[in-house]
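Here's a quick briefing to read alongside the model. Keep the sequence and the 3D view open as you go.

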Amino acid sequence: MKIGLIGVGTIGGFLVKRIQEDSSLELCFVLDIDPEKVKDFSEDIVINSISEMGAKKPDLVIEAASQQAIGQYAEHVLSTTNFLVLSVGAFADKGLEEKVKGLCKSNGTKLFAPSGAIAAIDLLKAMQSELEEVEIVSRKNPKGWGREDSEKTIIFEGTAREACKAYPKNINISATVSLNGIGFDKTTVKLVSDPDCGGNRHTLNVKHAFGNFVLDVKAQPTKNPKTSSTAAYSAFDLVKKIQNGINIF
Ligand SMILES: NC(=O)c1ccc[n+]([C@@H]2O[C@H](COP(=O)([O-])OP(=O)(O)OC[C@H]3O[C@@H](n4cnc5c(N)ncnc54)[C@H](O)[C@@H]3O)[C@@H](O)[C@H]2O)c1
């Protein structure tokens with residue numbers, strides 16, 4: 001399977017390694033706004049504009065760049081191939097969500113998003129019609145929020161839509177939960193800056209018509225303090241599920 005990659009940062013760098021180690025996958029292009037990130041790749045796979053993508057004939061394009069990048073590239077990518085996106089917080093913008101749905105429908109292409117740094121998305125989605133309350137509490141070291149608090153501080157309480165706008169680089173989990181649950185306006189989010197939390201920790205509290213579930217995940221951040229180490233693994237796992245056409249959890 002031929003894969004194009006937009007964004008060769010923390011997650012993208014991990015994916016490059018995994019793709020290159022797998023003889024059934026081929027990295028057919030890389031695109032990054034920072035020339036430093038692509039300087040070690042052979043010239044024939046570096047592209048400088050998404051308009052060069054077509055010639056590489058990717059079966060799948062992965063976005064591991066930024067929320068802005070989804071809006072920037074979705075139309076071009078989805079006009080010919082499938083798109084796997086990491087920066088799902090972009091879909092807090094209702095207009096973008098509708099536009100992308102329309103692109104997939106009219107072009108017969110697909111949009112994929114991994115569960116990323118959260119889990120239990122399968123049960124959340126299965127219970128979608130019966131959900132009553134969904135809350136996500138995210139705790140990170142102050143650096144992960146771009147802050148310098150010396151003690152535990154609640155930095156945000158509100159809806160997932162508001163959270164995605166206030167913390168666009170941090171809030172993909174809230175977006176993934178919203179898209180698979182009761183939506184951006186009903187999902188409640190609490191963000192905590194905690195110097196003693198010892199990693200990125202996310203607690204999902206769900207109440208549905210027949211009971212409830214609580215999920216608590218903790219992972220060390222990557223060299224990007226905003227990004228949990230598990231997100232890149234989840235993205236590669238989804239690449240393999242797409243390649244194999246089998247989706248067994
Ligand atoms: N879904 C999840 O659970 C989850 C978890 C962690 C991170 N993320 C998101 O994944 C994305 C990548 O995370 P990361 O930690 O690898 O970030 P990073 O900052 O380490 O790397 C991003 C790379 O993308 C490049 N880039 C940014 N905007 C671009 C654009 N418009 N076009 C081309 N290249 C562009 C940057 O130059 C950089 O090299 C972020 O948006 C992050 O919020 C999602």
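Take the charges of the chain: the mean position of its 30 positive charges and that of its 31 negative charges are 2 Å apart. Bear in mind that this is a predicted model. The chain's secondary structure adds up to seven helices and 10 strands.

**Overall shape and surface**

- The radius of gyration is 18 Å, and a compact globule of 249 residues would come out near 18 Å, so the chain agrees with that expectation.
- Along the principal axes, the C-alpha atoms fill a box of roughly 50 × 40 × 30 Å.
- Of the chain's 249 residues, 51% count as buried.
- About 12300 Å² of the chain is exposed, and carbon and sulfur atoms supply 49% of that area.
- If you take the contacts between residues at least 6 apart in sequence, 67% of them join residues at least 24 apart.

**Cysteines**

- How many disulfides does a search of the whole structure find? The search comes back with zero.
- As a reminder, a disulfide is a covalent bond between the sulfur atoms of two cysteines.
- Cys104 has no partner for such a bond because the closest cysteine sulfur, in Cys28, is 19 Å from its own sulfur, which is too far.
- Cys104 is also buried, with a relative accessible area of 14%.
- Cys197 is in a similar spot: its closest cysteine sulfur belongs to Cys164 and sits 20 Å from its own, so that is too far for a bond.
- Cys197 counts as buried too, at 8% relative accessibility.

**Positive phi outside glycine**

- Most residues other than glycine have a negative phi.
- Lys57 isn't a glycine, yet its phi is positive, near 50°.
- You'll find Lys57 in the loop between strand 2 (26-31) and strand 3 (60-63).
- Is Lys57 buried or exposed? At 58% relative accessibility, Lys57 counts as exposed, because the cut-off for that is over 50%.
- Ala120 has a positive phi as well, about 65°, and it is not a glycine either.
- The loop holding Ala120 runs between strand 5 (111-112) and helix 4 (121-126).

**Helix 6 and its cover**

- Helix 6 spans residues 172-180 and is mostly covered, with seven of its nine residues buried.
- The buried residues of helix 6 are Ile173, Ser174, Ala175, Thr176, Val177, Ser178 and Asn180.
- What covers the buried residues of helix 6? The cover includes helix 4, helix 5 (160-166), strand 6 (131-140), strand 8 (188-193) and strand 9 (200-208).

**The loop between strand 10 and helix 7**

- Asn224 is found in this loop, which runs between strand 10 (211-219) and helix 7 (230-244).
- Asn224 counts as partly exposed, at 25% relative accessibility.
- From Asn224 to Phe83 there are 141 residues in sequence and 23 Å in space, C-alpha to C-alpha.
- Thr227 has its place in the loop between strand 10 and helix 7 too.
- Thr227 is buried, because its relative accessible area of 14% falls under the 20% cut-off.
- Which residues does Thr227 contact, leaving aside its neighbours within four places in sequence? They are Ile11, Asn200, Pro221 and Thr222.
- Thr227 and Leu111 lie 116 residues apart in sequence, and their C-alpha atoms are 22 Å apart in space.

Terms used. Residues are numbered from 1 along each chain as its sequence is written. This is a predicted model: local features need pLDDT of at least 70, side-chain atom pairs count only at pLDDT 80 or more; totals for chains, interfaces and linings use all residues. Side-chain values use heavy atoms; hydrogens and water are left out. A disulfide is a pair of cysteine sulfur atoms within 2.5 Å. Buried means under 20% relative accessible area, exposed over 50%, partly exposed in between (1.4 Å probe, protein chains only). Helices (H or I, at least four residues) and strands (E, at least two) are DSSP runs, numbered from the N terminus. The radius of gyration is taken over C-alpha atoms; the globule rule is 2.2 Å times the number of residues to the power 0.38. Contact means heavy atoms within 4.5 Å. Accessible areas come from the Shrake-Rupley method with a 1.4 Å probe; for residues, only the protein chains shown count as cover. Lys and Arg count as positive and Asp and Glu as negative; His and the chain ends are not counted. The place of a charge is taken as NZ of Lys, CZ of Arg, CG of Asp or CD of Glu.
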